[in-house]
Amino acid sequence: MTKSNRELPPAEEGFSLISNQKLLSLYSAMLACRSIAERSGNPRKNKRPDSILGHEAAAVGAAIDLLAHDTVAHAFWQQDALKVINPSVSVAPSIALAARACMADQDGHRITLLFPGSTRVSQPAWLKTLTLAADRNLPMLFVSLSHPEPSAAPTPAESALMERTGYAVPWINVDGNDVVAVYRVASEAITHARKGHGPTLIDCRLSTAGDPLQNMHKYLTSKGLNPNNP
């Protein structure tokens, strides 16, 4: 797992090793997402933000442990792909609607998870919602998808937010092709949000050379688990 650029407060419950059953569940959900993406006709070679193809580790690792009252928003990914990851969550049709629902929540413990869509279409809404979440300390997770950079510099959205004095939104770089790494970071961020500590931005750095399914298959095999029988 890549290091955190801003540390989250430790969860009271702590974070233990991931069970073998959970590891197999992560892989099974990734396989299902890949199948849905390929049936939709998206070309494998183009890992576009508007396709879940190639982004299975980020999607599954972040969303698989959300609860029934939580919400996931992605304007372009297939709803059936998000539902196969976690059938119990609500899927919002847009970032704006997800943000409004989050603000209307009275208890403040319902998580809203946002994935980016097409950069030109969604970036203004993404940045506006990120600023709003910081202003109001909302329980939101922002999962961005970016190409790896030589340094751990913030993305444009992160930079714009952190220039606002007084904000301390945790942002974490993680290998976006490693579902275990994404899952660990997302679990900490979810606990952080449910305790009333506000939003987190998880920056999943994606390598065109890596395939999340192949990575997880190798990892499971190295642990003596059978990826073909999840």
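In what hand of crossing does α2 pass α7? The crossing is right-handed, a term used when the near helix is turned clockwise from the far one by less than a right angle, with anticlockwise giving left-handed. Before going further, note that this is a predicted model, where local features need pLDDT of at least 70 and side-chain atom pairs count only at pLDDT 80 or more, while totals for chains, interfaces and linings use all residues. Residues are numbered from 1 along each chain as its sequence is written, and side-chain values use heavy atoms, with hydrogens and water left out.

Let's zoom out for a moment. The protein has 8 helices and 6 strands; these are DSSP runs (H or I of at least four residues for helices, E of at least two for strands), numbered from the N terminus. Read from that end, the order is α-α-β-α-β-α-β-α-β-α-β-α-β-α. Of its 230 residues, 49% count as buried, where buried means under 20% relative accessible area, exposed means over 50%, and partly exposed is in between (1.4 Å probe, protein chains only). About 10,800 Å² is exposed, and carbon and sulfur atoms supply 52% of that; the areas come from the Shrake-Rupley method with a 1.4 Å probe. Take the contacts (heavy atoms within 4.5 Å) between residues at least 6 apart in sequence: 74% of them join residues at least 24 apart.

Back to the helix pair. Two packed helices are described by the angle between their axes and the distance between the axes. For α2 and α7 the angle is about 35° and the axes are 7 Å apart, with axes fitted to C-alpha atoms over the stretch in contact and angles running from 0 to 180 degrees between N-to-C directions. On the α2 side you'll find Ala 57, Ala 58, Val 60, Gly 61 and Ala 62, which meet Val 179, Val 182, Tyr 183, Ala 186 and Ile 190 of α7. By class, that contact has 9 nonpolar, 1 polar and no charged residues; Ala, Val, Leu, Ile, Met, Phe, Trp, Tyr, Cys and Pro count as nonpolar, Asp, Glu, Lys and Arg as charged, and the others, Gly among them, as polar.

Ala 57 sits in α2 and is buried at 0% relative accessibility. Its C-alpha atom is 6.0 Å from that of Asp 178, 121 residues away along the chain. Beyond its neighbours within four places in sequence, Ala 57 touches residues including Met 30, Gly 176, Asp 178 and Pro 212.

Now for the largest nonpolar core, with 51 residues. Such a core is a set of buried Ala, Val, Leu, Ile, Met, Phe, Trp, Tyr and Cys residues joined through side-chain atoms within 4.5 Å. Val 60, Leu 113, Ile 202 and Met 216 have the most contacts inside this core. Among the elements that each supply at least two of its residues are α1 (20-39), β4 and β6 (200-205), while α7 gives the largest share, 10 residues. Met 216, leaving out residues up to four places away, touches Leu 23, Leu 26, Tyr 27, Met 30, Val 179 and Val 180.

Finally, look at β4 (residues 140-146), home of Ser 144. Ser 144 is buried, with a relative accessible area of 9%, and its contacts outside the neighbouring four places include Pro 116, Trp 126 and Ile 202. In the loop between α5 (119-136) and β4 is Asn 137, partly exposed at 39%. Asn 137 has a phi near 55°, a positive value in a residue other than glycine.
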